[in-house]
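Good morning, and thank you for making time for this. I would like to take you through one structure, element by element.

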Amino acid sequence: MRKILLTLACVWLAACGSSGTVENAGVDSSKPLEIYWIDVEGGAATLIVTPTGETVLMDAGWPGNDDRDAKRIAHVLEHEVGRKELDYFITSHFHIDHAGGAPGLAAMVPIDEFVDHGDSIEKNLNERAALLWQNYREAAGTRLTVNPGDTLPVSGVDFQFVSARGESIKSATAPANPYCEGAEQKEVTGNPENGQSVGFMVRMGDFEFLDLGDLTWPEELAAVCPQNVFGQVDLFQVTHHGMFQSNAPALLNAVAPQVAVMNNGANKGGDPLAYAALMETPRLVDLWQGHNTLNEGASNTDEAKIANLGETEGCEGHWIKATVQADGSFTILNSRNGFSKSYQSL
Ligand SMILES: [Zn+2]
């Protein structure tokens with residue numbers, strides 16, 4: 001809460017006659033923005049390190065396995081980022097592959113602020129969901145609930161929440177989305193927490209990164225039809241691990257990423273329908289994957305752009321990292337083989 005109050009004070013000062021440079025005060029423009037996709041075996045753990053070194057993690061993977069996922073996150077924080085704490089932990093939604101690792105992580109890494117969409121709508125669904133919710137609440141303590149349009153008060157980047165609780169940002173001036181005409185609707189049954197996902201956009205100069213958590217098809221269509229409120233983005237986290245209940249072409253074609261990163265598991269996500277839809281988008285240069293999809297009938301990107309090739313059992317948990325420069329150019333790195341490739345912001 002301390003940091004948010006400080007930022008509000010800055011906003012007030014800026015509105016009261018300063019030159020408008022307050023939000024960039026102290027930013028070293030030579031430092032990049034970094035995004036890590038930490039491998040949590042088909043769950044999610046996306047770590048953002050701002051140019052000023054603030055740490056924001058969305059999701060913490062699964063519980064159990066001797067805190068495997070929490071340990072992987074803590075390891076990247078300490079050994080790659082050089083920080084032993086998180087300024088913000090965002091829970092995209094209350095499913096075990098996203099929120100399950102949070103209590104274990106909170107026990108090893110101090111977390112300043114927990115952010116989520118509000119209470120789990122599955123908290124009374126069954127025993128497992130109730131336990132997940134209870135464990136999360138105990139670990140989180142006071143939480144910050146966000147709405148579409150809210151911003152996270154970090155410096156050096158513009159961090160905006162674009163979806164939460166099935167609602168998305170609205171814009172009267174956003175261009176019409178031509179891909180809505182005749183767009184297929186898909187009914188999604190069960191697991192309603194997916195559609196509640198917190199999604200966010202991070203912008204730095206001309207660069208955009210969009211992450212919509214596990215948002216499902218109906219909410220995707222509702223967000224980008226009839227208007228493309230997100231605009232085109234440079235970098236996109238493939239929604240819902242690349243599952244077929246998500247990744248509607250009307251969304252994918254509208255945001256038209258240059259580079260997509262999919263946090264799939266060896267046997268989870270990477271669905272052929274989502275893969276094909278992504279490949280047909282108008283600007284895609286490359287897809288990077290957390291895992292080689294081993295499911296029958298699945299397609300995969302080039303092996304060099306896949307962080308983990310084998311089964312979950314015995315997986316070493318290699319990560320993928322994006323490094324974004326102030327001019328919007330960015331480089332993606334595969335920690336398994338050191339392979340990297342650079343792109344220009346469009
Ligand atoms: Zn998930």
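I shall begin with the sheet, continue with two helices and the core, and end with some loop residues.

Please keep in mind throughout that this is a predicted model.

Let us start with the sheet. Nine strands make up an open sheet of mixed pairing, and their order is E6-E5-E4-E3-E2-E1-E15-E16-E17. The edges are held by strand E6, residues 143-145, and strand E17, residues 340-343; each has a single partner strand, so one side of each is left without a neighbour in the sheet. On average, neighbouring strands of this sheet are turned by 20° against each other, with direction ignored.

Within this sheet, I would point to one pair. Strand E4, residues 86-90, and strand E5, residues 111-116, run parallel and are joined by four bridges. Opposite phenylalanine 89 we find phenylalanine 114 of E5.

Next, helix H2. Which strands does this helix lie across? Helix H2, residues 68-81, lies across strand E1 (33-37), strand E2 (46-49) and strand E3 (55-58), and its direction makes an angle of about 155° with E3. The length of the helix can be checked: at 1.5 Å a residue, the 14 residues of H2 should span 20 Å, and the end C-alpha atoms are 19 Å apart, which agrees. Buried in H2 are Arg68, Asp69, Ala70, Arg72, Ile73, Val76 and Leu77. These buried residues pack against E1, E2, E3 and H3. Glycine 82 follows H2 and has a positive phi, near 80°.

Ahead of H2, in the loop that comes from E3, lies asparagine 65. This asparagine has a positive phi of about 50° although it is not a glycine. Is asparagine 65 buried or exposed? Neither term applies, because its 14 C-beta neighbours inside 10 Å make it count as partly exposed.

H2 also leads us to the core. The largest nonpolar core has 91 residues, and those that touch the most other members are Ile38, Leu57, Ile73 and Phe230. Helix H6, residues 249-255, contributes the largest share of this core, five residues. Isoleucine 38 is in contact with Arg72, Ile73 and Val76, and also with Ala45, Leu47 and Trp319, leaving aside its neighbours within four places in sequence. Of these contacts, Arg72, Ile73 and Val76 are among the buried residues of H2.

I turn now to helix H4, residues 127-140. Its 14 residues should span 20 Å at 1.5 Å a residue, and the end C-alpha atoms are 20 Å apart, in agreement. Where do the buried residues of H4 sit around the axis? The residues concerned are Leu132, Trp133, Tyr136 and Ala140. They cover an arc of only 95° around the axis, and therefore lie on the same side of H4. That buried side packs against helix H3 (102-108), E5 and E6. On the face turned away from it, H4 carries the exposed residues Glu127 and Glu138. Just after H4 comes glycine 141, with a positive phi of about 65°.

Another pair of strands deserves mention. Strand E12, residues 259-262, runs parallel to E13, with four bridges between them. Alanine 260 has leucine 287 in E13 as its bridge partner. Strand E13, residues 286-291, is mostly covered, with five of its six residues buried.

Finally, some residues in loops. Threonine 216 lies between strand E10 (207-211) and helix H5 (217-224). This threonine is buried, because 27 other C-beta atoms lie within 10 Å. Not counting residues up to four places away in sequence, threonine 216 touches Val188, Asn194, Gly195, His240, Gln245 and Ser246. Its C-alpha atom is separated by 21 Å from that of tryptophan 37, 179 residues apart along the chain.

In the loop between H5 and strand E11 (235-237) we meet proline 226. The peptide bond that joins cysteine 225 to proline 226 is cis, with omega about 5°.

The last residue is arginine 165, in the loop between strand E7 (158-164) and strand E8 (167-168). Its phi is near 55°, a positive value in a residue other than glycine. With 19 other C-beta atoms within 10 Å, arginine 165 is partly exposed.

Thank you; I am happy to return to any of these elements in discussion.

Notes: Residues numbered from 1 in each chain as written. Predicted model: local features only at pLDDT ≥ 70, side-chain atom pairs only at ≥ 80, totals over all residues. Pairing = 2+ DSSP bridges. Helix = DSSP H or I, 4+ residues; strand = E, 2+ residues; numbered from the N terminus. Axes fitted to C-alpha atoms, helices over the stretch in contact; angles between N-to-C directions. Contact = placed C-beta atoms within 7 Å. Core = buried A, V, L, I, M, F, W, Y, C linked by C-beta atoms within 7 Å. Buried ≥ 20, exposed ≤ 12 C-beta atoms within 10 Å, placed from the backbone. Expected span 1.5 Å × (residues − 1). Arc of directions from axis to C-beta.
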